[in-house]
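Ready for a few warm-up exercises on a protein you haven't met before? Have a look at the picture, then work through the tasks one by one.

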Amino acid sequence: MKLRTPLALVALFALILCSACGPATTRTLANKQKMDFGVAIKAGDIFDPVRSKIIIDNFNLIVPEDSMKWANIRPKKDFWNWSDMDAMVAFAQKNKMKIKGHTFLWHDQNAPYVGSLKTREEAIALLEDHITTIVTRYKGRVSEWDVANEVFLEDGSLRNSIWYRLIGDDFLDVAFHAARKADPKAKLILCDYNTEYAGSAKGDASYEMVKGLKERGVPIDGVAFQLHVMAELPLDEEAIRENIKRFAALGLSVSFSEVDVRVRMPLDESKEAEQNAVYEKLAKIARTEPTAKSMILWGFTDKGSWIPRSFAGFGSAHIFDTKLEKKTGYDAVMKGLSGK
Ligand code: XIL
């Protein structure tokens, strides 16, 4: 190319500089820190111009909030509903985002025929078929999977889900081996809530379980702390860091995978300040722990949020408001992601 005029030269320089000159967003900060900063979305979000722009501008990873759950993706044993997931995977690829899958082995949001399983053999066959079919379809495109979700009760015992009840103690082994076999490169994760603190019954039980899985060669790469938390409860940063470090010692990474910070309504300034402190601290921990580096928000807007439906009296849990405008929580996350 021959540049004939000074104007053309200026234009060329502007073009080169431009990739770094837009306003900083949570996505650009996360990229700088080599972090995943993600969000759970509904398939409809990607067809809504306002919502999809927010997602593209601010996140480098997406998770289907509900589209991949058993009842949705496979409502009948021989009927697969791929359209939402296919659209989300294409959206992620087009916009250079990672995509995380959620979830296979779970006690909730299963199709009715899952509840009618009767024997260990039937349960293993169906679970393996389910995992193999989905992971194979998205092999090389979905980079990580919540293979199992919420398998513990608060006292650290195992939840009596259909999978644990029928398959028994090696239920997780079955699921993780099937996922690894279908895509050897995908990152495989065990996800739960209230497991973030070392020293809590549930946190310690999940650590012991994962240690056992590693010892017997089960292919697990990471654990996810959901972190659906309350603004009014200050976080115990030390107990979270201690937990991340002990998983790191086992060779596992940690992700904060379903973050929302709910407020007891009505909202006021001091509650908002509490909430912002939690958002900032979580982003800071994720940024500064070398084996964490992953924070995923469970939705970005209060409009249509799952929180008021699931936690009576609570709301305002996200960093964009019901008009899809940034809240002060957005700046709190920016601070946590940048350290400034
Ligand atoms: C929630 C979704 O956000 C809601 O839309 C749905 O109605 C219920 O499930 N832990 C999980 C998520 O692992 O899958 C749940 O998602 C929230 C709690």
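A residue is called buried when its relative accessible area is under 20%, exposed when it is over 50%, and partly exposed in between (1.4 Å probe, protein chains only). Keep in mind that this is a predicted model, where local features need pLDDT of at least 70 and side-chain atom pairs count only at pLDDT 80 or more, while totals for chains, interfaces and linings use all residues. Residues are numbered from 1 along each chain as its sequence is written, and side-chain values use heavy atoms, with hydrogens and water left out.

**Exercise 1.** Find where Gln 109 sits and decide whether Gln 109 is buried, partly exposed or exposed.

Solution. Start with the place: Gln 109 lies in the loop between E3 and helix H6 (112-115). (Helices, H or I with at least four residues, and strands, E with at least two, are DSSP runs numbered from the N terminus.) Next, take the relative accessibility, which is 31%, so Gln 109 counts as partly exposed. Finally, check the backbone: phi is near 50 degrees, a positive value in a residue other than glycine.

**Exercise 2.** Do the same for Leu 227: is Leu 227 buried or exposed?

Solution. Leu 227 is in the loop between strand E6 (222-225) and strand E7 (228-230). Its relative accessibility is 1%, so Leu 227 counts as buried. Phi of Leu 227 is near 65 degrees, again a positive value in a residue that isn't glycine.

**Exercise 3.** Which peptide bond involving Thr 103 is cis?

Solution. Go to strand E3 (residues 98-105), where Thr 103 is found. Now look at the bond joining His 102 and Thr 103: this one is cis, with omega about 0 degrees.

**Exercise 4.** Which residues come nearest to the ligand, and what polar contacts does the ligand make?

Solution. First, the neighbours: of the 15 residues around the ligand, Glu 65, Asp 66, Lys 69, His 102 and Asn 149 come nearest. (A residue is near if one of its heavy atoms lies within 4 Å.) Second, the polar contacts, meaning pairs of N or O atoms within 3.5 Å. A polar side-chain atom of Glu 65 is 2.5 Å from a ligand oxygen. For Lys 69, an N or O atom of the side chain is 2.7 Å from an oxygen atom of the ligand, and for Asn 149 the distance is 2.9 Å.

Terms used:
A polar contact is a pair of N or O atoms within 3.5 Å; within protein, one must be able to donate a hydrogen and the other to accept it, and residues adjacent in sequence count only if both atoms are side-chain atoms.
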